[in-house]
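The following exercises ask the reader to work from atomic distances and accessible areas towards a description of a structure. Each task is followed by a solution in steps.

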Amino acid sequence: MKVLGSLPSPFARRIRLYLDGVEHEFAELNVLGPEGRREMKRISPVMKVPVLVDGDTTIMDSRQIYNYLTEKLGREKLDWDGQNTLTLIDGANDSFVILLLLKRSEVEDAEKRVIGKLQRERIELTMDALEQMCAEGKFDQWDYRSISLFCMLDWIEFRELYRVEDKPALHAFWQRNKTRPGVELTDPR
Ligand SMILES: N[C@@H](CCC(=O)N[C@@H](CS)C(=O)NCC(=O)O)C(=O)O
């Protein structure tokens, strides 16, 4: 199996961490560079990473890759509550990606414009919900949900998009999982 992704991508990193201990290759792409974009075009018209290639099968999107891997590896699937939690994490993470792209596009006062305001609003609500769930112990187990949450928190801190310390339970969760061996190995810094 081959995972195509960029080193910093939180969506690619969650798949790499989910595959910890499972033999696979990680093919690193620079998603904004010309070579990386050429390679992405070849593999997926969606032009996003991660993409999983397993023999003749190509799977796009981290959620679908996760579903594919649970089946292939015979692991337990998330129930609907777990899937909703993933949707909260994905919603926040997608909005953070848009904020980063606005920053890189040098859009003036991006967060005062409709596109920026909508992202910030979603981020506030989803981060509040995740903080509460974390305080209730819903991320105590290191499973795909926790992996996905960790990858987002670590990335938004790395990209300076959010002050994780403003959310005590999320901050404690991030700190306590930082030193896991697989986590350290995939650190984009
Ligand atoms: N829904 C997708 C989101 C993936 C995503 O946003 N990937 C970003 C990197 S973090 C990407 O490939 N961006 C390239 C682009 O938008 O052109 C997933 O879960 O895999």
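**Exercise 1. Identify the polar side-chain contacts of the ligand in this predicted model.**

Solution.

Step 1. Begin with Arg37: one of its polar side-chain atoms lies 3.0 Å from an oxygen atom of the ligand. A polar contact requires N or O atoms within 3.5 Å, and the distance of 3.0 Å for Arg37 meets that limit.

Step 2. Turn to Ser62, where a polar side-chain atom is found 2.5 Å from a ligand oxygen atom.

Step 3. Consider a nitrogen atom of the ligand. An N or O atom in the side chain of Asp61 is 2.9 Å away from this nitrogen.

Step 4. Assess the cover. On its own the ligand has 510 Å² of accessible area, and the protein covers 83% of it.

**Exercise 2. Describe the site of the ligand and the classes of residue in its shell.**

Solution.

Step 1. Locate the ligand: it sits in the largest pocket.

Step 2. List the surrounding residues. They are Ser9, Pro10, Phe11, Arg37, Met47, Lys48, Val49, Pro50, Asp61 and Ser62.

Step 3. Sort the shell by class. It comprises five nonpolar, two polar and three charged residues.

**Exercise 3. Determine whether Arg13 is buried or exposed, and name the side chains that it contacts.**

Solution.

Step 1. Place the residue: Arg13 belongs to helix H1, which spans residues 10-18.

Step 2. Apply the cut-off. Arg13 has a relative accessibility of 2%; because buried means under 20%, Arg13 counts as buried.

Step 3. Find the partners. The side chain of Arg13 makes a polar contact of 2.6 Å with that of Asp154, and another polar contact, of 3.0 Å, links it to the side chain of Thr186.

**Exercise 4. Classify the accessibility of Asn67 and of Val31, and relate each to a residue elsewhere in the sequence.**

Solution.

Step 1. Asn67 lies in helix H3 (residues 62-73). Its relative accessible area is 21%, so Asn67 is partly exposed.

Step 2. Compare sequence and space for Asn67 and Thr126: they are 59 residues apart in sequence, with 23 Å between their C-alpha atoms.

Step 3. Val31 occupies the loop between strand S2 (25-28) and helix H2 (34-43). With a relative accessible area of 22%, Val31 is therefore partly exposed.

Step 4. Repeat the comparison for Val31 and Leu100. These residues are 69 residues apart along the chain, and their C-alpha atoms are separated by 14 Å.

Notes
Residues are numbered from 1 along each chain as its sequence is written. This is a predicted model: local features need pLDDT of at least 70, side-chain atom pairs count only at pLDDT 80 or more; totals for chains, interfaces and linings use all residues. Side-chain values use heavy atoms; hydrogens and water are left out. A residue is near a molecule or strand if one of its heavy atoms lies within 4 Å of it. A polar contact is a pair of N or O atoms within 3.5 Å; within protein, one must be able to donate a hydrogen and the other to accept it, and residues adjacent in sequence count only if both atoms are side-chain atoms. Accessible areas come from the Shrake-Rupley method with a 1.4 Å probe; for residues, only the protein chains shown count as cover. On a 1 Å grid over the protein atoms alone, a cavity is a set of points where a 1.4 Å probe fits but cannot get out, and a pocket is an open set with protein on both sides within 12 Å along at least five of seven lines; lining residues have an atom within 4 Å of a point. A molecule sits in a cavity or pocket if more than half of its atoms lie within 2 Å of its grid points. Ala, Val, Leu, Ile, Met, Phe, Trp, Tyr, Cys and Pro count as nonpolar, Asp, Glu, Lys and Arg as charged, and the others, Gly among them, as polar. Helices (H or I, at least four residues) and strands (E, at least two) are DSSP runs, numbered from the N terminus. Buried means under 20% relative accessible area, exposed over 50%, partly exposed in between (1.4 Å probe, protein chains only).
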